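Grab your viewer and work through a few short exercises. Try each task yourself before reading its solution.

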Amino acid sequence: MSASSTTARWTRLFVLAGLGWFVCWQAAVVAGVGRPTVVVGLYGFVLHTVFGKAYALVPSYFDRALAFPRAPAIHLPLAVLGTAAVAAEAVGLVPTLWGTAGAALWALGCLVFVGTLVWSVRDNLSGGETGTSDAKADRRRVDRFANAFVPVALGYLLLGSVLSLDVGFGPLPTGGPPVTHLFAAGTAALLVFTLGFRLLPRFLVVEPRWPLVAVVLPAGAAGPLLLTTSFGGGGWFHLGAGVQALALLGFAVAYVDMFFRSDRRRIGLYTVAVAAVAAAGVALLGVYMAVGGIRPGVASAHARLALLGFLGLAVVGVEYQFYPPTVASAMGVDDRTAGVAVALLAVGVVAEGGGLLVGTEAAVEGGRWLALAGAVAHAVVLLAVFWARRNRR
C-alpha cells in the first residue's frame, strides 16, 4: 500500500471514529450527562475529525509529504482510549486514576500528531512554500499567510494537552473552561480559519477578501491565549473576548461573502454557511458574558452553539464536500437526506440554545432530541457513502 493510500485509509478511520463520538455526544446530551459531554463533543467528534483531515491536508498545503504515513495508526487508538477514559471519569464511571491515564494518552496522541506534522514541514515551518499551482498564483498571498498560523494552532493543542494533565504549568490554569477554550478556540477554530481560507475558496471558486483574512487570522491566534490567561473577568479577559469575537465575526462575514459571490451550490457549502452564522452567534454571546458576567444559561447556550452550531456544522459541511452524499444515491442516500440531517442539527441547536437563554425546558429537550436525530441521520449518510465507495473499488 502506498504512503498516500495509507494516510487516506487512516483519515477515513479518524472520520469514522469521530462519527461514532458524534452520535454518543448527542445521546449523552439527551441523557442529561452534563459537562462531560463537552469532552465527548470536542475531543471525540470535532478533534478526531480535525486530526484525520489535518494529516492529509497540512503537509500538502506546505508542499510536503507526510513524513510518517503510519503515525495516524499510532495516534488513533491513543485518541479514542484517551477520550473514553477522560469522559468516563468525568461522569463518575471510573476512578480518577483512569481519567488521569486518559489525559496522558490523549496528550501522547497529540504529541504524535504535532510531532509528525512539524517534522513533515520542518524545512518550511513558516509555510512560504504552499504547493499552490501557477494557475492559481494570485492566491499565494492568502495561502502563505494562512500557513503561518497552522503552527500556532498546533502549539495551542500541545499547551492544552499539558494543562489537561493538571500537573501545574506556571501561572496558567489547569482543566475546566480555560483549557476547553485552548482546544476549541485555539486549535479547532483556528484550524477552521487557517485551513478554511485555503480549502473553502477552492470549493467555492472565489477568493476571500484580503482585509478580512488579515484580520481574522491574527485575531484568531491571539484570542485564545488572552482568554485562557485571564479567564473569568478583568480587562484582559474583556480584550480576549473582543479579539476572539472579531475573529469569529470576520470569518462569518468572509465565508458568507464568498458564498454569495460563488455560483457553487452544494449541501456542504450551505452547511458551512449555517456554521458561519452560528459563529457570529457564538461571538455575540461571548462578548455578552464578558461584559455582563457569566450566567449558567448563557454559558450553556454559548458552549452548545460553539461546539455544535459552529465547529460541529463546519465539520459536517466539509465532510459533505469530501464525501458527497450523491455517491451513495443507489442506496437511497442523496443531498436531500444530508439536507434533512443538517436541518435537524441546525433547528435543534437553535431550539436548545433559545430554550437555555429564556429558561424554556421544553425547547431545550426538544432541541436536544432533534440534534440527536440529526447526528444519527448524518452518520447514516456518511456510512452509506463510505460503503458505496468501498464497493466500487
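**Exercise 1. A loop residue with an odd phi**

In which loop is Val205 found? Then work out what its phi looks like and whether it is buried or exposed.

Solution. Keep in mind that this is a predicted model.
- Start with the place: Val205 sits in the loop between helix H7 (176-204) and H8.
- Next, the backbone: phi of Val205 is near 55°, a positive value in a residue other than glycine.
- What makes that worth a look is the general trend: most residues other than glycine have a negative phi.
- Last, the surface: Val205 has 46% relative accessibility, so it counts as partly exposed.

Now do the job again for Asp63.
- Asp63 belongs to the loop between H2 and helix H3 (71-91).
- Its phi is near 60°, again a positive value in a residue other than glycine.
- With a relative accessibility of 42%, Asp63 is partly exposed too.

**Exercise 2. Following the rings**

Find how many aromatic pairs there are, then trace the links that run through Phe51.

Solution.
- The count comes to 23 aromatic pairs.
- Take Phe14 and Phe51 as one of them: their centres are 6.4 Å apart with 75° between the planes, which is edge-to-face.
- Phe14 is in helix H1 (residues 3-30) and Phe51 in helix H2 (residues 36-61), so this pair links distant parts of the chain, 37 residues apart.
- Check burial: Phe14 has a relative accessible area of 0% and is buried, and Phe51 is buried at 0% as well.
- Move on from Phe51 to Phe113: here the centres are 4.8 Å apart and the planes meet at 55°, so the pair is tilted.
- Because Phe51 lies in helix H2 and Phe113 in helix H4 (residues 96-120), the pair ties together parts that are 62 residues apart in sequence.
- Phe113 is buried, just like Phe51.
- Zoom out: Phe14, Phe51 and Phe113 belong to one aromatic cluster, along with Tyr43, Tyr55, Trp106 and Phe183.

**Exercise 3. Charges over rings**

Which ring does Lys53 lie over, and which one does Arg141 lie over?

Solution.
- Lys53 lies over the face of Phe322, 3.8 Å from the ring centre.
- Arg141 lies over the face of Trp210, at 4.2 Å from the ring centre.

**Exercise 4. A helix with a bend**

Describe H11: how far does it reach, where is its kink, and how much of it is buried?

Solution.
- H11 covers residues 296-322, which makes 27 residues.
- From first C-alpha to last, H11 reaches 37 Å, close to the 39 Å expected at 1.5 Å a residue.
- There is still a kink in H11 of about 35°, centred on Gly312.
- Of the 27 residues in H11, 20 are buried, so the helix is largely enclosed by the rest of the structure.
- Phe322, the ring under Lys53 in the last exercise, is the final residue of H11 (residues 296-322).

**Exercise 5. A serine in a loop**

What does the side chain of Ser230 reach, and is Ser230 buried or exposed?

Solution.
- Locate Ser230 in the loop between helix H8 (210-229) and helix H9 (235-261).
- Its relative accessible area is 14%, under the 20% cut-off, so Ser230 is buried.
- The side chain of Ser230 reaches the backbone oxygen of Leu226 at 2.6 Å.
- Setting aside neighbours within four places in sequence, Ser230 is in contact with Trp236 and Phe237.

Terms used
Residues numbered from 1 in each chain as written. Predicted model: local features only at pLDDT ≥ 70, side-chain atom pairs only at ≥ 80, totals over all residues. Heavy atoms only, no water. Helix = DSSP H or I, 4+ residues; strand = E, 2+ residues; numbered from the N terminus. Expected span 1.5 Å × (residues − 1). Bend = angle between axes of the 7 residues up to and from the residue. Buried < 20%, exposed > 50% of the residue type's maximum accessible area, 1.4 Å probe, protein only. Phe/Tyr/Trp six-rings, centres within 6.5 Å; stacked < 30°, edge-to-face > 60°. Lys NZ or Arg CZ within 6 Å of the ring centre and 35° of its normal. Polar contact = N/O pair within 3.5 Å; in protein donor to acceptor, adjacent residues only side chain to side chain. Contact = heavy atoms within 4.5 Å.
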